[in-house]
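Subject: Structure handover

Hello,

Here is the structure I said I would pass on. My notes on it follow below the entry.

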Amino acid sequence: MVNQSGRGVLTANPTETVSGYQRRIVFHIHFWALIAVAPLIPIQWDQDHAMLSLLLGVFCLGMVLVLLFLRLRDYYLFNGWLFAVFAIASVLYSTLINGYIGLFWAYPAIAAIFFLMALRRAIGINAVFVVAVATVSYYRFPEAEFWRITFSLALSVVFVTIFAWLVGRMQAELTKLATTDPLTGCLNRSQLADVLNRHIQLRERYERVASLVLIDLDHFKSINDRWGHTTGDRVLQEAARRLDRRLRECDQLFRVGGEEFMVILPETRQKTAEDLARELLITLSSAPFLEDVPITASAGVTEVVRGETWSTWLNRADQALYTAKHTGRGRVIGVRGQDAAMPAAGDTRIAG
């Protein structure tokens, strides 16, 4: 059963954790780029390169804005476009008037763009970048130098692309491992509080309803005792598959305990959720598991109400489930927020 107090539900969202680290990377790249580029503004001005000095000045101003929005509002302004456009423009113009000195900045700019933008977008922009630098180099340097510059820049793009792709794959795999139950493939409790809070906020702001269904397999311990834990695991996997096949794409299925599942139903009223819960219990009990293991289940259903916390909403569903399991099992108990003192009002027995 879910802890009655709501404790034990992990509130740290792995997806949000990854996003937080990405924000830090964006912040540090802009911060240190600003430190490196800002001194070049007066230097280029003293060398009578007013246009380049102005270009670098606007570049630095944009980075300051990005840093302020990240720090004060936790918002990624421009999504890397400003950095990419002005970095490329600065490198091209500086290479045109300063030669190799400007070209040196192309390599860190290529790497930074991969960290600041989505992979496909970064590949496209850097491909354009390499072609543009190669064009300038063709007119600015001897032919032998042109080929060296072009191939070294292209190779840098290839190497950083491979690195960024592998890091992205690894990040996706780690996030999946952190957010899904390895046995059943259902979502786990790591995102539970965030998902429930999101639906509460939708209820508060836009009057968009959602309902919660807690489902517990009846007498599951006896299955482990009689057929063994391997059979018990296979039963859980099949139960998750049966439940998932009956749900919509927008519904979310969690495994929140040993034999307990939770379904979040967006845009679903209490009555509709209770009807679906009955269908889910019938789906579980209609045919034996593994040909000879009979299963019944109990369910508690409740709709979110305004002004409550996620733990209150979850506890109400848990109380309904508790009542279902202690008044005969194999049934659905529906509890409305205002009717929490009368949990048996929505009692529906499911034939096993």
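A residue is called buried here when its relative accessible area is under 20%, exposed when it is over 50%, and partly exposed in between. Glu238 has a relative accessible area of 18%, so Glu238 counts as buried. Please keep in mind throughout that this is a predicted model.

Glu238 sits in helix α11, which covers residues 229-246. Setting aside residues up to four places away in sequence, Glu238 touches Arg245 and Phe289.

Overall layout

The protein chain contains 13 helices and six strands. Its radius of gyration is 29 Å, whereas the globule rule gives 20 Å for 352 residues; the chain is therefore more spread out than a compact globule. The C-alpha trace spans about 85 × 45 × 30 Å along the principal axes.

The chain is divided into two parts, domain 1 (20-179) and domain 2 (191-334). Between the C-alpha centres of domain 1 and domain 2 there are 49 Å.

Of the 352 residues in the chain, 46% are buried. Among contacts with a separation of 6 or more, 69% are between residues 24 or more positions apart.

Pockets

What is the volume of the largest pocket? The value is about 650 Å³. Three elements give two or more residues to the lining of this pocket: α1 (14-37), α6 (106-116) and α8 (143-179). The lining consists of 19 residues, and those nearest the centre of the pocket are Gln22, Phe114, Phe115, Met117 and Gln171. By residue type, the lining of the largest pocket comprises 15 nonpolar, three polar and one charged.

The second largest pocket holds about 440 Å³ of space. Its lining is made up of 24 residues, with Val37, Leu40, Phe59, Val91 and Trp105 closest to the centre. At least two lining residues come from each of α1, α2 (40-46), α3 (50-73), α4 (81-98), α5 (100-103) and α6. Which of these helices supplies the largest share of the lining? That is α4, with six residues. The lining of the second largest pocket has 18 nonpolar residues, six polar and no charged.

Helices α1 and α6 appear in both lists: each gives two or more residues to the lining of the largest pocket, and each supplies at least two to that of the second largest.

Individual residues

Pro14 is placed in helix α1. Is Pro14 buried or exposed? With a relative accessible area of 15%, Pro14 is buried, because the cut-off for buried is under 20%. Apart from its neighbours within four places in sequence, Pro14 is in contact with Ala178, Thr179, Ser190 and Gln191. Leu116 lies 102 residues from Pro14 along the chain, and their C-alpha atoms are separated by 20 Å.

Asp275 belongs to helix α12, residues 270-285. Its relative accessibility is 29%, so Asp275 counts as partly exposed. If you want a pair of positions for a distance check, Asp275 and Thr135 are 67 Å apart in space, C-alpha to C-alpha, and 140 residues apart in sequence.

The loop between α3 and α4 has two entries for a backbone check. Phe78 is found in this loop and has a positive phi of about 70° although it is not a glycine. Asn79 lies in the loop between α3 and α4 as well, and has a positive phi of about 50°, again without being a glycine.

How accessible are these two residues? Phe78 has a relative accessible area of 35% and is therefore partly exposed. Asn79, at 40% relative accessibility, also counts as partly exposed.

Regards

Conventions. Residues numbered from 1 in each chain as written. Predicted model: local features only at pLDDT ≥ 70, side-chain atom pairs only at ≥ 80, totals over all residues. Heavy atoms only, no water. 1 Å grid on protein atoms, 1.4 Å probe; cavity = no way out; pocket = protein on both sides within 12 Å on 5 of 7 lines; lining within 4 Å. Points joined across faces, edges and corners; volume = space filled by probe spheres on them. Helix = DSSP H or I, 4+ residues; strand = E, 2+ residues; numbered from the N terminus. Nonpolar A, V, L, I, M, F, W, Y, C, P; charged D, E, K, R; others polar. Domains from an automatic or database assignment. Rg over C-alpha atoms; globule rule 2.2 N^0.38 Å. Buried < 20%, exposed > 50% of the residue type's maximum accessible area, 1.4 Å probe, protein only. Contact = heavy atoms within 4.5 Å.
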